[in-house]
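Biologist: Before I use words such as "buried" or "pocket", I would like to know what stands behind them. Could we go through the terms one at a time?

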Amino acid sequence: MGQIAIKDGTAQGVAKVRHYESLHEPSKRLFHDPYAQHMYPGSFVQSWLGEGGTHWLYSSLGAPGMLEMLSIRTKWLDDKVESMAKESQYLIILGAGYDTRGFRLDLAFGKDALQLWEVDQPQVQQNKLANLQFIAKHDASVAEKLKSPFVHFVSVDFNVDSLDQKLKVVEGFQENQKTLVLMEGVTQYIPKSATADTLQKLKAFSAPGSILLITYIDETVLTDTPSPDCGSPKSIRTILKMSQMTGETWMSGWSRSGFETFLQELGYQVLYDTTARDYNDKYMSPLGRQMKAEDVLSVERFVVAKIL
């Protein structure tokens, strides 16, 4: 297993949530990520606690609804990736962290099919590859994809590196491809100027009609008076403290109209803008896990946008 870098606390946290969701009985879970438990140290503790014990632990930290919010985000993006990847030539995952969609979802990679490009900071990529290589010893599917010339890992620091320059030096990368881009849980951690620069570079090398799946946080979360629509102020304060403890503090947020304008000015058209609250009935209710209205956290919004 790879050594854990200092600045991958958030990536580890997402892996923990996906491991938690996968601990549910098949009839009760939103998705199954069999690889998440290999992406962070000490995962045996959650396995031992089980779904119920893990949920109690996180709720006792003062952030009820956080696990569900992140699980709904994962499920929503899973659905979008699986449906939209069929019409794309590239799947680019920006700030991939320990995301395993390229290995757990039903995605076919090949010269005339889809190519996967995972992008993140060098140390996280190194750790992830080490973890995947460990998994590959016992999982033929992962082993096959790691050997595929159509699966790529690209090291980029979004604060200082140029995305297009990093991609263009990778053998096989071509411009003007129909691209599906995923930027999940990234924008709150970097300056707005860094998000703008990344999206400008992305638009420049992607074909018109390419799709961006991106998330952002409500700007009021970063104030002393978060919008009531975001959920419990106590839970929000706890989440902000957690981000500070990982050394990856939230710094950027938008209003819904402000984010739409932000994307429009960069050459994108917003098709959908939604949040966890909109999917409590659709996702959680059929599983018998519908949350009380006061427990729903909607600090982060999920967007589908098209490159014009």
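Modeller: What follows is a set of questions about this predicted model, each answered with a value and the rule it is set against.

Biologist: Let us take the chain as a whole. Which helices and strands does the chain have, by number?

Modeller: There are 11 helices and seven strands in the chain.

Biologist: Why is the chain called as compact as a globular protein of its length?

Modeller: Its radius of gyration is 18 Å, and the globule rule gives 19 Å for 308 residues. The two values are close, so the chain is as compact as a globular protein of that length. The C-alpha trace spans about 50 × 45 × 35 Å along the principal axes.

Biologist: How many of the residues count as buried?

Modeller: Of the 308 residues, 55% count as buried. The accessible surface of the chain is about 13,700 Å², and carbon and sulfur atoms hold 51% of that surface.

Biologist: Why is Asn280 called buried?

Modeller: Buried means under 20% relative accessible area. Asn280 has 7%, so Asn280 counts as buried. Asn280 belongs to helix H11, residues 280–284. Beyond its neighbours within four places in sequence, Asn280 is in contact with Ser285, Gln290, Met291 and Val296.

Biologist: Why is Ser83 called partly exposed?

Modeller: Partly exposed covers the range between under 20% and over 50%. Ser83 has 40% relative accessibility, so Ser83 falls in that range. Ser83 is part of helix H3, residues 66–84.

Biologist: What makes Asn176 exposed?

Modeller: Exposed means over 50%. The relative accessible area of Asn176 is 52%, so Asn176 is exposed. Asn176 sits in the loop between helix H7 (163–168) and strand E4 (179–183). Its phi is near 60 degrees, a positive value in a residue other than glycine.

Biologist: Now the second largest pocket. Which residues lie nearest its centre?

Modeller: The lining has 14 residues, and those nearest the centre are Tyr90, Lys111, Gln115, Gly172 and Gln174. The space in this pocket is about 190 Å³.

Biologist: How does the lining of the second largest pocket divide into nonpolar, polar and charged residues?

Modeller: Five residues of the lining are nonpolar, seven are polar and two are charged. Lys counts as charged, so Lys111, one of the residues nearest the centre, is placed in the charged class.

Key: Residues are numbered from 1 along each chain as its sequence is written. This is a predicted model: local features need pLDDT of at least 70, side-chain atom pairs count only at pLDDT 80 or more; totals for chains, interfaces and linings use all residues. Side-chain values use heavy atoms; hydrogens and water are left out. On a 1 Å grid over the protein atoms alone, a cavity is a set of points where a 1.4 Å probe fits but cannot get out, and a pocket is an open set with protein on both sides within 12 Å along at least five of seven lines; lining residues have an atom within 4 Å of a point. Grid points are joined across faces, edges and corners, and a volume is the space filled by probe spheres set on the points. Helices (H or I, at least four residues) and strands (E, at least two) are DSSP runs, numbered from the N terminus. The radius of gyration is taken over C-alpha atoms; the globule rule is 2.2 Å times the number of residues to the power 0.38. Buried means under 20% relative accessible area, exposed over 50%, partly exposed in between (1.4 Å probe, protein chains only). Accessible areas come from the Shrake-Rupley method with a 1.4 Å probe; for residues, only the protein chains shown count as cover. Contact means heavy atoms within 4.5 Å.
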